[in-house]
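Please examine the structure shown below, together with its sequence. The paragraphs that follow lead through its parts in turn.

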Amino acid sequence: MASTEPFSPIANGRLPASAVASGTAQVVETTDVHLAAVNLRKSYRKGHLEIPVLRGVDLEVRRGEFLSIIGQSGSGKSTLLHLLATLDAPDTGEIYFQGNRIDNLEPAGRDVLRNRYFGMIFQFYHLLPELTTLENVLSPLMIGHGVWSYLRNRREMIRQATALIESVGLSHRLNHKPRELSGGEMQRAAIARALIANPVMLLADEPTGNLDGTTGEEIMQVLRSLNRDQNVTIVMVTHDDAIAGQADRVIKLREGRVELGG
Ligand SMILES: Nc1ncnc2c1ncn2[C@@H]1O[C@H](COP(=O)(O)OP(=O)(O)OP(=O)(O)O)[C@@H](O)[C@H]1O
Ligand SMILES: [Mg+2]
């Protein structure tokens, strides 16, 4: 399912305008390291207090890898994932995707990256409350394509979204709104939404965190099969050692740095 289209070359931290407009460009993948973080530092400011969270994080994620990041509550796992997804910027340090620097991208470049290459599963789902399951799953396509293109291709997109919703076991809840879904069902809807644009990389924040053991295991099966059968690279944050252990590799965040591996 993962897009085979390589990421666009970036000059001076900007995507070429043509790539932004079309979402395409040729390149040149020079490395098996899909995503790399170099000496990431991030502090939050609270009044005149500065709270250092990440104090020099280095990590590499290889293409096709399933990586878990563990660490205690408050250790900076969500902060790190948000930086990797370019939802927030590090104070210092660099992030590379397919060899191209992404932490300093212009907003348009970040939009292309997140719409076409990355799928994100959030700790608290972040589904849009007024939309049904089907509409939530379709929402990245509506945003990514623009109104006219979406309307022209609507029938095909609905077919894709419906198939994806079925693959995560939620076809009986197509027209339910988030408040009418259980936690596990909301997480499945969020996974389907993260996958609708065929991302090459999935960034998942506690995808099983709010679920009972059996439901959590079902979600893990969905993620493992995505990684194994569709070669989607996955970075998953969790505080649960047993869940983390199902990945290819586990690294631990401690005192703002990577303690093991990386
Ligand atoms: N916007 C913010 N402003 C101030 N402090 C923040 C902000 N966001 C996070 N923090 C602090 O940064 C630290 C790391 O938060 P983060 O959410 O990354 O932790 P986490 O490892 O994901 O924790 P959990 O396992 O509970 O989800 C915490 O101490 C938190 O209080
Ligand atoms: Mg968190």
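Across which strands does helix 2 lie? In this predicted model, helix 2, which comprises residues 77–84, lies across strand 1, strand 2 and strand 4. Its direction makes an angle of about 125° with strand 1. Strand 4 covers residues 92–97.

The strands just named belong to an open sheet of four strands, whose order is 2-1-4-5 and whose pairing is antiparallel. Strand 2 (49–62) and strand 5 (100–101) stand at the edges of this sheet. Each of these two has a single partner strand, so one side of each is left without a neighbour in the sheet.

Within this sheet, strand 1, residues 33–46, runs antiparallel to strand 2, and eleven bridges join the two. Two pairs illustrate the arrangement. A36 of strand 1 has E60 of strand 2 as its bridge partner, while Y44 stands opposite I51 in strand 2. Strand 1 and strand 2 form a hairpin with two residues between the strands, and in this hairpin G47 takes a positive phi near 60°. When following the side chains of such strands, the reader may keep a general rule in mind. In a regular strand the side chains alternate between the two faces of the sheet.

The model also contains a ligand, ligand 1. Which residues are closest to ligand 1? Of the 14 residues that surround ligand 1, the closest are Y44, S73, K77, S78 and T79. Strand 1, strand 2 and helix 2 are the elements that give two or more residues to this shell. Helix 2 gives the most, with three residues. Sorted by class, the shell has nine polar, three nonpolar and two charged residues.

A second open sheet is made of six strands in the order 6-7-8-3-9-10, and the pairing in this sheet is mixed. Strand 6 (118–121) and strand 10 (257–258) are the edge strands, each pairing on one side only. Further inside the strand order, strand 3 (residues 66–70) and strand 9 (residues 249–254) pair in the parallel sense over four bridges. One of the residues involved is L67, whose bridge partner in strand 9 is R249. Helix 7 packs on this sheet, where it touches strand 6 and strand 7 (201–205). The direction of helix 7 makes about 165° with that of strand 6.

Helix 7 also meets another helix. The axes of helix 4, residues 133–145, and helix 7, residues 183–195, come within 7 Å and cross at roughly 30°. That angle makes helix 4 roughly parallel to helix 7. The crossing of helix 4 and helix 7 is right-handed. On the side of helix 4, the contact is made by T133, N136, V137, S139 and P140; on the side of helix 7, by A189, A192 and R193. By class, the contact of helix 4 with helix 7 has four nonpolar, three polar and one charged residues.

Helix 4 has a further partner in helix 6. How are helix 4 and helix 6 arranged with respect to each other? The axes of helix 4 and helix 6, the latter formed by residues 154–167, come within 10 Å and cross at roughly 120°. Helix 4 and helix 6 are therefore oblique to each other. Their crossing is right-handed. In this contact T133, L134, V137, L138 and L141 of helix 4 meet M157, I158, A161, T162, L164 and I165 of helix 6. By class, the residues of the contact of helix 4 with helix 6 divide into nine nonpolar, two polar and no charged.

Methods. Residues numbered from 1 in each chain as written. Chains lettered and ligands numbered in written order. Predicted model: local features only at pLDDT ≥ 70, side-chain atom pairs only at ≥ 80, totals over all residues. Pairing = 2+ DSSP bridges. Contact = placed C-beta atoms within 7 Å. Axes fitted to C-alpha atoms, helices over the stretch in contact; angles between N-to-C directions. Near = placed C-beta within 6 Å. Nonpolar A, V, L, I, M, F, W, Y, C, P; charged D, E, K, R; others polar. Parallel < 35°, antiparallel > 145°, perpendicular 65-115°, else oblique. Left-handed = near helix turned anticlockwise from the far one by under 90°.
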